[in-house]
Amino acid sequence: MHIDMDAFFASVEQRDNPALKNKPVVVCGNSPRAVVSTASYEARQFGIHSAMPLFQARQRCSHLMVVPGNMKKYAKESKKIMAIISQFSPLVEPVSIDEAYADITGCETLFGPPRTIAMKIKQAILTQLSLTCSIGIAPKKFLAKIASDMNKPDGITHISREQMPGVLKDLPIEKISGVGTHAMKQMGVLNIRTLGDVQRFDAQFLSRKMGKFGLRLCALSHGIDDTCVQTGTLRKSISSETTLPSDISDFQAAREVLLARSRRVGRDLRKKNLVCSSVSIKIKFFDFTQTTKSRKIPDRICSGEAIFHHALSLFTQVSLKKKIRLIGVGVSHLQSADAPVQMELIQPPDHKTKKQWESVDRAVDSIFEKFGRDMVAPAVLKPLIEKPLAKGGKMSQTQCKKVLISGKVQGVFFRMETLKAAQKIGVTGYVKNRANGSVEAVFQGTPDQVARMEKWCHTGAPASRVDQVVTEDMPPSDYNTFEIRY
Ligand code: TTP
Ligand code: MG
Ligand code: MG
């Protein structure tokens with residue numbers, strides 16, 4: 001059996017606020033670029049759906065009611081739902097915040113035939129929580145999930161063993177979980193639209209064309225699905241993503257978002273006492289196309305820094321020809337942090353750093369716990385968090401410039417003078433000599449500080465004669481001090 005709540009977030013809001021009952025409602029953030037997380041069934045009549053940008057939803061329905069989400073509340077409801085389902089079967093596998101599988105084999109003597117069990121679960125959820133759900137019943141797990149979607153909202157769909165071959169034959173392949181745009185394209189070429197079409201090909205051929213997934217599809221098309229309801233398993237993955245306030249194409253800015261998301265994921269992992277051994281990233285571009293990259297790692301990690309290390313390395317494989325709209329970081333292959341590990345005979349060289357980062361993160365976690373989020377952050381993320389206000393209430397921006405200084409500059413002295421000036425004015429960055437005798441410096445600070453340093457380069461060092469100063473705007477970086485580099 002697969003149970004999935006109807007328009008979950010929106011239904012909870014409609015239940016708790018009578019003014020929203022029977023109205024087109026979306027649950028959504030309130031930034032201009034927010035996307036709909038879910039739409040009430042009244043709103044769906046206007047063609048509004050999950051992941052649609054809010055502005056588009058408003059265009060489709062002028063009297064749309066927009067409600068900000070409350071994840072804590074939904075998580076609490078989710079727990080209650082899972083508890084109700086667990087009263088009907090000992091084998092319950094929650095798969096997301098609003099859905100679960102329940103193996104009801106053998107429960108008939110207690111609660112009646114499958115459809116009766118489904119009706120009882122629906123009734124219990126309705127009377128105790130005033131929420132509706134839809135339930136699919138089938139001899140196979142993957143088919144139960146598809147069935148729960150067939151009569152939404154407030155429906156029950158029972159596919160019996162006898163009906164299964166007929167249903168499979170006409171089942172559009174996009175209904176199968178895991179079939180994305182890439183697989184759809186591959187199958188389009190082969191003229192495959194339904195599981196019935198898949199049946200025409202043999203396993204070897206499909207495996208050659210689509211790898212492991214081809215094999216699974218082949219099995220499913222014949223009604224073979226060995227997966228069973230898994231209870232007590234850990235969550236499969238944890239992720240965090242953010243739609244940016246405006247599209248970006250700047251590597252440095254993307255790097256900061258990756259770091260912030262990685263730290264968030266790390267925090268969630270540690271909160272649940274888990275470690276991961278797989279990291280992935282998701283990048284959505286301005287035109288809503290997206291790419292994901294992931295890698296399995298030979299280690300078990302939970303610090304934001306370690307996750308970031310892999311996320312950034314994956315990010316360098318992404319082509320940045322298009323502006324980025326959304327950045328996400330995820331981890332999977334989760335295990336309890338207490339699970340025994342095969343110790344290496346010789347600790348790898350970065351073992352100590354890894355342990356140190358973990359204890360830094362745990363210390364930061366306890367500060368969060370006590371004083372709230374955003375009290376401590378990596379220096380590189382400080383501007384994002386502090387949003388310092390300059391005079392006049394405008395946000396002060398961090399500016400970063402690379403400066404090439406040529407002429408008759410006295411190497412050591414010039415660098416020392418630059419260091420002193422930088423410390424006095426308060427910029428960060430570095431100064432160094434180039435092989436051709438010119439000097440390269442990077443100044444980072446407020447636009448005013450950077451301008452003062454630039455001016456200083458022309459006239460500031462008394463013992464040098466500066467002929468030319470060439471400047472180039474750079475993305476801000478994580479300079480903590482001003483230093484002389486060699
Ligand atoms: P779903 O079960 O996919 O959708 P739903 O419950 O809103 O509607 P349906 O009746 O079709 O099942 O997702 C459960 C919740 O997860 C949903 O209420 C909000 C959240 N969600 C998002 O935040 N973003 C998304 O893109 C989707 C699909 C869901
Ligand atoms: Mg749902
Ligand atoms: Mg769902």
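Student: What strand order does the open sheet of five strands have, and what kind of pairing?

Tutor: In this predicted model, the strands of that sheet follow the order E5-E6-E1-E7-E8, with mixed pairing.

Student: What makes E5 and E8 the edge strands of this sheet?

Tutor: Strand E5 (92-96) and strand E8 (156-158) each pair on one side only. On average, neighbouring strands of the sheet are turned by 15° against each other, direction ignored.

Student: How do you know that E5 and E6 count as paired, and is the sense parallel or antiparallel?

Tutor: Pairing requires at least two bridges. E5 and strand E6 (residues 99-102) have four bridges, in the antiparallel sense, so the requirement is met. Within this pair, Val92 stands opposite Ala102 in E6.

Student: Which strands does helix H4 lie across, and how is H4 directed relative to E5?

Tutor: Helix H4 (residues 71-86) lies across E1, E5 and E6 and runs at about 155° to E5. An angle over 145 degrees counts as roughly antiparallel, so H4 is roughly antiparallel to E5.

Student: What can be said in the same terms of helix H6 and E7?

Tutor: Helix H6 (residues 114-129) packs on the sheet and touches E1, strand E7 (133-137) and E8. The direction of H6 makes about 165° with that of E7; this value is over 145 degrees, so the two are roughly antiparallel.

Student: What is the order of the open sheet of three strands, and which are its edge strands?

Tutor: The order is E3-E2-E4, with mixed pairing. E3 and strand E4 (65-67) are the edges, as each pairs on one side only. From one strand to the next, the twist averages 30°.

Student: How do you know that E2 and E4 are paired, and how do they run?

Tutor: Three bridges join strand E2 (residues 25-28) to E4, and the two run parallel. Two bridges would suffice, so the pairing is established. Val25 stands opposite Met65 in E4. Helix H1 packs on this sheet, where it touches E2, E3 and E4, and its direction makes about 115° with that of E2.

Student: Which residues come nearest to ligand 1, and which elements supply its shell?

Tutor: Phe8, Phe9, Ser37, Thr38 and Ser50 come nearest, out of 15 residues around ligand 1. Strand E1 (2-5), helix H1 (8-16) and strand E3 (36-39) are the elements that give two or more residues to the shell. By class, the shell has seven nonpolar, three polar and five charged residues.

Student: Why are H13 and H14 called oblique to each other?

Tutor: Helix H13 (residues 251-271) and helix H14 (residues 304-315) pack at an angle of about 140°, with their axes 8 Å apart. Roughly perpendicular ends at 115 degrees and roughly antiparallel needs over 145; the angle of H13 and H14 falls in neither class, and the pair is therefore oblique. H13 passes H14 in a right-handed crossing.

Student: Which residues make the contact of H13 with H14, and how do they divide by class?

Tutor: H13 contributes Ala254, Arg255, Leu258, Leu259, Ser262, Arg263, Val265 and Gly266, while H14 contributes Gly304, Ile307, Phe308, Ala311, Leu312 and Phe315. These divide into nine nonpolar, three polar and two charged residues.

Student: How do helices H11 and H12 pack, and what is the handedness of their crossing?

Tutor: Helix H11 (residues 203-210) and helix H12 (residues 212-221) pack at an angle of about 145°, with axes 6 Å apart. The crossing of H11 past H12 is right-handed. On the H11 side the contact includes Leu206 and Met210, and on the H12 side it includes Phe213 and Leu217. Seven nonpolar, two polar and one charged residues form this contact.

Student: How do you know that E13 is paired with both E15 and E16?

Tutor: Seven bridges join strand E13 (residues 399-408) to strand E15 (residues 439-445), running antiparallel. E13 also pairs with strand E16 (residues 465-474) over nine bridges, again antiparallel. Each count meets the minimum of two bridges, so both are pairings. Lys402 stands opposite Val442 in E15, and Cys400 has Met474 of E16 as its bridge partner.

Student: What makes Asn191 and the bond from Lys152 to Pro153 notable in backbone geometry?

Tutor: Asn191 has a positive phi of about 65° although it is not a glycine; Asn191 lies in the loop between helix H9 (181-189) and helix H10 (195-198). The peptide bond from Lys152 to Pro153 is cis, with omega near -10°, and Pro153 is found in the loop between helix H7 (141-148) and E8.

How values were computed: Residues numbered from 1 in each chain as written. Chains lettered and ligands numbered in written order. Predicted model: local features only at pLDDT ≥ 70, side-chain atom pairs only at ≥ 80, totals over all residues. Axes fitted to C-alpha atoms, helices over the stretch in contact; angles between N-to-C directions. Left-handed = near helix turned anticlockwise from the far one by under 90°. Contact = placed C-beta atoms within 7 Å. Nonpolar A, V, L, I, M, F, W, Y, C, P; charged D, E, K, R; others polar. Parallel < 35°, antiparallel > 145°, perpendicular 65-115°, else oblique. Near = placed C-beta within 6 Å.
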